[in-house]
Structure formats: structure tokens, C-alpha cells
Amino acid sequence: MLARAAGALLGAMLLAATVAMPSRADAQGNPPTKTQTKPQTKPATLPKGVELKLPASARIPDTFEELFAYRDARATAALGYLRCMESTIAALRAGSLGTAARGASITCVQQGLEWRGVLGELIDSAPGIRVQVQYALRGDGMVVRDAIDTALVSGTARALLRGLSTPLAQSGTAEFVPVPLPQAGYVEVWLVPLPGNPTRVTVGGDSLIQMSRDGVRELGHSRTTPALRQFAIEPTTDSYTLRSTEERVPLLSELVVARMALGLVPEVRVRTYQYDSVITRTSSGWTHTRR
């Protein structure tokens with residue numbers, strides 16, 4: 001199962017890299033720049049008696065449980081994105097989505113609880129993309145004409161192009177793929193290795209790029225990456241343990257493998273130096289035990 005999924009996902013991302021070439025925008029989706037003279041401005045002042053109220057900043061997770069949940073949510077979304085890309089590319093190859101024109105862009109977004117593959121053309125004017133066809137992961141998959149957040153699709157597609165342009169994604173080393181995951185106000189682009197097959201699983205090397213909500217401007221990029229590791233999944237009849245090299249919280253790529261391993265065994269355990277975390281097919285979430 002893992003072997004088939006990994007091979008199909010790699011083919012999907014390679015085809016996406018070939019097709020997802022912007023037509024009138026550059027690789028970042030930027031329109032041509034124009035030189036303008038900056039007008040003179042005066043500092044803004046508040047009227048008397050009015051207090052400046054700044055918006056409350058998002059709370060950063062700090063406990064083990066919060067950090068684990070944060071990273072596991074990203075791993076679950078990454079796995080959903082990759083499976084959506086696999087299904088969408090398969091449908092395109094089968095002719096179910098018509099013919100992808102030159103300059104087309106392919107990506108996947110989550111609408112509510114549903115993943116949809118979107119084929120469209122990046123454009124310079126709002127909303128940034130002209131949607132041609134949608135492929136919803138309902139049942140065995142189907143073409144739909146439902147309403148979709150086109151601004152979300154455009155930002156995700158442009159962020160994907162940024163991920164595809166990185167040397168890591170182009171090198172072929174450990175078969176890295178970019179996974180754009182929209183958040184509130186920005187888009188995360190995770191560069192992770194494809195898990196591989198049960199006899200040769202790859203984890204580590206996780207890298208993160210933060211892009212603006214429209215996918216055009218880079219906000220930040222992780223400077224260090226964890227070491228790559230390859231190992232075999234050797235489950236017992238009913239359980240599998242993934243031994244992480246992390247002190248507390250497993251890597252995103254390790255959690256992707258752990259969730260994929262649930263397709264092989266009913267119980268998966270992820271063990272860091274400080275914690276044992278267990279999930280089963282029937283449980284509502286992870287159970288953590290301090291070692």
C-alpha cells in the first residue's frame with residue numbers, strides 16, 4: 001500500500017511541476033513591476049481621546065501536547081494534500097478532467113472537510129486564477145462545479161510554485177516534495193521526503209517556507225533541517241513502533257509515516273527520547289506517556 005501510494009505521489013508531483021507553469025505571471029506569480037515616485041507623507045496621528053488597540057496575537061504552542069497536536073495536524077493535512085494530488089493527477093491522466101492546457105496549474109485545497117483538486121490558469125487580475133475544473137474526493141472521486149474559494153486556490157497554487165523552485169525539490173534527493181498548507185493569513189510550504197515503501201522509509205530533512213496569503217511574497221524560511229534517515233517498517237501482527245531521534249516532539253515527516261502505517265497495522269506507536277505516543281484506527285486521537 002505504501003509502495004503504491006509513494007510511487008503514484010512522486011509521479012503526481014513531477015507532473016504538477018511540469019504543468020504548473022504560470023502563463024503571464026513570473027515563477028512567483030508577480031505582475032511586472034513599475035517604477036513609481038513615492039509621494040511625501042506625514043505620520044498618522046490618532047484623534048484625542050482615542051486609544052490604539054492592537055489585535056491579539058496568536059498564542060504559540062509551548063507544552064508537549066500542544067506542540068504534538070500542532071505538528072500532527074500539519075502531518076494529517078500534508079497526507080491529505082498528497083493523496084488529493086495523487087487522485088487528481090490520476091484522473092487527469094485518465095482523461096476525466098479534459099486536457100491540461102499549457103500554462104495550467106494543478107493544486108489541492110481543503111474546502112470544509114473535503115479535499116478538491118483544482119486545474120486552472122494563473123492570471124494577473126483578481127482573484128488570481130481562472131478555475132477550469134474541480135475534482136472532489138467524494139467516493140471514488142468526481143468532477144464538481146461547486147463554489148470554491150478562488151483566492152485560497154490562487155495563493156496555494158503560487159506557494160506551490162515557490163516550493164517547486166527550491167533546489168531541494170529539484171535535486172531528486174530522497175524524492176522531496178513541496179506541500180502548501182494555507183493557514184490564517186499565510187501559507188506554509190513544507191518540503192518533506194516521500195515516505196517510500198515499507199522496506200525503505202525516508203524521514204527527516206523537513207524544511208518550511210512561509211509565504212504571504214496570496215502566495216507571492218516569502219515571509220521566512222527555516223535555516224536548519226533535521227538529518228535524513230532511512231529504515232524499514234517491520235510491524236508485528238498488530239502494532240508498529242517508529243523510533244524518533246527527536247527529544248520530545250516527532251518530526252512532521254515521521255508523523256506522516258506513522259499515520260500511513262495505520263493502513264498496515266491497527267496500532268502505531270511513535271517513541272521520542274521523552275515520550276511514547278500511541279494511536280489506533282479506532283481511537284479519537286493520540287495517547288501520550290512520559291518515558
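Biologist: What links strand 14 to strand 15 in this predicted model?

Modeller: A hairpin does, and 6 residues make the connection. The pairing behind it is antiparallel, with strand 15 covering residues 287–290.

Biologist: How do you know that strand 14 and strand 15 really count as paired?

Modeller: Pairing takes at least two bridges between the strands. Strand 14 and strand 15 have 4 bridges, so they pass that cut-off. For one of the partnerships, look at Val 278, which is matched with Thr 287 in strand 15.

Biologist: And what makes strand 13 a partner of strand 14?

Modeller: Again, set the bridges against the cut-off of at least two. There are 5 bridges between strand 13 (residues 267–271) and strand 14, and the two run antiparallel, so they pair. Val 270 has Ser 277 in strand 14 as its bridge partner. A hairpin of 3 residues makes the turn from strand 13 to strand 14.

Biologist: Why is Asp 276 called buried?

Modeller: Its relative accessibility is 11%, and buried means under 20%. Asp 276 is therefore on the buried side of the cut-off. It belongs to strand 14, where 5 of the 6 residues are buried.

Biologist: What makes the Asp 276 and Arg 271 pair a polar contact?

Modeller: The distance between their side chains is 2.7 Å. The limit for a polar contact is 3.5 Å between N or O atoms, so this pair is inside it. Further residues touching Asp 276 include Arg 269, Thr 287, His 288 and Arg 291.

Biologist: Let's go to the helices. How do you describe the way helix 2 and helix 5 meet?

Modeller: Packed helices are described by an angle and a distance between their axes. Here the axes of helix 2 (residues 64–93) and helix 5 (residues 252–261) come within 8 Å and cross at roughly 65 degrees. The crossing is right-handed.

Biologist: Which residues of helix 2 and helix 5 meet there?

Modeller: From helix 2, they include Phe 68, Arg 71, Ala 75, Leu 79 and Arg 83; from helix 5, they include Leu 252, Leu 255, Val 256 and Met 260. By class, the contact has 8 nonpolar, 1 polar and 5 charged residues.

Biologist: What makes you say helix 5 is mostly covered?

Modeller: Of its 10 residues, 9 are buried. Among them are Leu 252, Glu 254, Val 257 and Ala 261.

Biologist: Now the sheets. Why is strand 1 called an edge strand in the sheet with the order 1-2-3-4?

Modeller: Strand 1 (104–111) has a single partner strand, so one of its sides has no neighbour in the sheet; the same goes for strand 4 (142–144). The sheet is open, with antiparallel pairing, and the twist averages 30 degrees from one strand to the next. At the strand 4 end, strand 3 (residues 129–136) joins strand 4 over 3 bridges, and Ala 136 stands opposite Met 142.

Biologist: Why is Leu 119 called buried?

Modeller: Its relative accessible area is 4%, and the cut-off is under 20%, so the label fits. Leu 119 is part of strand 2 (residues 114–122). Gln 132 is 13 residues away in sequence, yet the two C-alpha atoms are 5.6 Å apart. Contacts of Leu 119 include Leu 92, Leu 97, Ile 106 and Val 133.

Biologist: Which helices lie across strand 1, strand 2 and strand 3?

Modeller: Helix 2 does, at about 135 degrees to strand 1, and helix 3 does, at about 120 degrees to strand 1. Helix 3 (residues 150–164) also lies across strand 5, strand 6, strand 9 and strand 10.

Biologist: What makes strand 5 and strand 10 edges of their sheet?

Modeller: The order there is 5-6-9-10, in an open antiparallel sheet. Strand 5 (176–183) and strand 10 (218–221) each have a single partner strand, so one side of each is left without a neighbour. On average, neighbouring strands are turned by 20 degrees against each other.

Biologist: Last one: why is Thr 156 buried by your definition?

Modeller: Thr 156 has a relative accessible area of 0%, against a cut-off of under 20%, so it counts as buried. It lies in helix 3, and its contacts include Thr 107, Val 109, Pro 180 and Pro 182.

Definitions and conventions: Residues numbered from 1 in each chain as written. Predicted model: local features only at pLDDT ≥ 70, side-chain atom pairs only at ≥ 80, totals over all residues. Heavy atoms only, no water. Buried < 20%, exposed > 50% of the residue type's maximum accessible area, 1.4 Å probe, protein only. Axes fitted to C-alpha atoms, helices over the stretch in contact; angles between N-to-C directions. Left-handed = near helix turned anticlockwise from the far one by under 90°. Contact = heavy atoms within 4.5 Å. Nonpolar A, V, L, I, M, F, W, Y, C, P; charged D, E, K, R; others polar. Polar contact = N/O pair within 3.5 Å; in protein donor to acceptor, adjacent residues only side chain to side chain. Lists of a residue's contacts leave out its neighbours within four places in sequence.
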